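Me: I am new to this structure and should be grateful for a close look at the spaces in the protein. Please begin with the enclosed space and then move on to the open one, with a word on the fold of the chain concerned.

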Amino acid sequence: MLLLAFDTATPAVTAAVHDGTTVLAESTSIDARRHGELLMPAVDCVLREAGAELDAVTGIVVGVGPGPYTGLRVGLVTAAAFGDALGIPVHGICTLDGLAYASGIDGPFVVATDARRKEVYWAHYAGPRTRSSDPAVDRPGDIATQVAGLPAVGAGAALYPEVFTDIRAPADQSAGALAALAAAKLAEGEPFENEGGLPALPLYLRRPDAQVPAAYKAVLPK
Amino acid sequence: MADEPLVLGIETSCDETGVGIVRGHTLLADAVASSVDEHARFGGVVPEVASRAHLEAMVPTIQRALKEAGVAAGDLDGIAVTAGPGLAGALLVGVSAAKAYAYALGKPLYGVNHLASHICVDQLEHGALPEPTMALLVSGGHSSLLLAPDITSDVRTLGSTIDDAAGEAFDKVARVLGLGFPGGPVIDRWAKEGDPDAIRFPRGLTGSRDPHYDFSFSGVNTAVARRVEERRREGVEVPIADVAASFQEAVTDVLTRKAIRACRDNGVDHLMIGGGVAANSRLRSMAEERCADAGLKLRVPRPKLCTDNGAMVAALGAEMVARNVTPSSLDLPADASLPVTEPHVPGHGHGHG
């Protein structure tokens, strides 16, 4: 097994190569505005560092969000293109699940990432591999009672310390952790987000901002 | 010729996911998936809706183009992609996909200019471009007169619109007339039933002291709106066909007049017209008549190659392969406001890896 993993659903542009047992190489840079420029050089870098040929990769692992859309799509379209060009499967994993797995927290906790517009993408977890609620997007103030007192993972939680009072590591997504989770799931035959051969689809959670325009505005004075 | 470069081009600058494949000047495939119907009720293209549609359509459209061309991805000599100008989020889907295919297949990547592609596509229709090429580029986002001594490296702006693009004017007038979005095809259809001389709408920037090669369409838009509103206020039926025909006549009159003047002033013996508005039937027929009168050779691609498509990107990419242009680097950015004077985007020149 040789997995190429990446995630662009958060400000972290992260890529890693994993051989089914261990992370062979990982690259992570934090830049919320340059996913498109940073991802492919990062992929090239981890493959070289791992001494891996692209032809030897057996599967692509990609974080499917939720996350800000423009960056999120960079990872997803890259994964889809790699899958098509190399003829290998693409395994989609919820981005929040990667952070949860990396935290290693045993017992109830939450993961929250920055959704901008004063909102967070978040979910409840019963353990590092057990999500206990669907990913959602909310204003932190509106979910304060649901997350009260729980350990909280992710840079989104750290933005709202009045709501998330017990901040734990990690803050940022790691493709190495995402790949390790995928390797464990593959070894145990656990399903992925895109089970059933479908392409890995993004978790947008919001509709596009678009207003049907108001009535025609006259040019002549009334 | 089998030794001409085989190039796949990806176009996602607006609402069409286009993938084309060419061998030199020969068109092999032109696959387009459009999200235009999803935008119609908003009266214009919604960037996020377009970007989501590009992600869904990208791989299937690539597969369709390869199948249509009957070539294997491994046989390609390069992958070209629109790096700008256009909608930032939409461009980024195509640029990211192009990088991944280029990297996975071990092929050179060429980030190219959408506007130069609209000109270069004519090589698929009428063979090698003359040097220099005089081009009238008219679309929903741009209206320019361009002189290109070398389409891969040297494109100069003689003039451009100072307000709305020509295609935008068609959209606005269609809205005034209640004909929906997009405006170009529907105005063209109505105009066929109307009298182009029924109303004399203003011709912007055609005074003797006005800039010779710049355009302005806001005046004709306002004149149409006033005319229509006055009629409605008086309770008189609006002659939609006559308004459409007269408006279209005013716009195409200015476009062709200025384009022919630019050819004469610069000693160029031909005129190329590209971009979505070049699909307009009156612009095509008027340009044909006036170019014939002026002794100019007219080059306009078939309408399907005038609107946004991947074949035009592939055409420019193939020209770059043929001229040994240095490929773009893996950190190639999508540039929403890429100037027309930059046909090729090299990237930042070095990756961070």
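Reply: **The enclosed and the open space**

The largest cavity holds about 50 Å³ of space. A cavity is a set of points on a 1 Å grid over the protein atoms alone where a 1.4 Å probe fits but cannot get out, and lining residues have an atom within 4 Å of a point; the points are joined across faces, edges and corners, and a volume is the space filled by probe spheres set on them. The model is predicted, with pLDDT of at least 70 needed for local features and 80 or more for side-chain atom pairs, while totals for chains, interfaces and linings use all residues. Residues are numbered from 1 along each chain as written, chains are lettered from A and ligands numbered from 1 in the order written, and side-chain values use heavy atoms, without hydrogens and water.

The structure has one cavity of 30 Å³ or more. The walls of the largest cavity are formed by A:T10, A:P11, A:L99, A:T113, A:D114, A:A155, A:G156, A:A171 and A:D172. In chain A, strand β6 (109-114) and helix α5 (155-158) each contribute at least two lining residues; helices (H or I, at least four residues) and strands (E, at least two) are DSSP runs numbered from the N terminus. Domain 1 (3-95 + 172-188) and domain 2 (105-168) of chain A each give at least three residues to this lining, with bounds from an automatic or database domain assignment. By class, the lining has four nonpolar, three polar and two charged residues. Nonpolar covers Ala, Val, Leu, Ile, Met, Phe, Trp, Tyr, Cys and Pro, charged covers Asp, Glu, Lys and Arg, and the others, Gly among them, are polar.

The open space comes next. The volume of the largest pocket is about 930 Å³, a pocket being an open set with protein on both sides within 12 Å along at least five of seven lines. Its lining comprises 32 residues, of which B:D15, B:S139, B:G140, B:D171 and B:G276 are the closest to its centre. Helices α4 (114-120), α6 (166-176) and α7 (183-191) of chain B each supply at least two lining residues, and α6(B) provides the largest share, with four. The lining of this pocket includes eleven nonpolar, 15 polar and six charged residues.

Chain B also contains an open sheet of six strands, in the order β3-β2-β1-β4-β5-β11, with mixed pairing; strands pair if DSSP finds at least two bridges between them. At its edges stand β3 (26-34) and β11 (344-345) of chain B, each with a single partner strand, so one side of each lacks a neighbour in the sheet.
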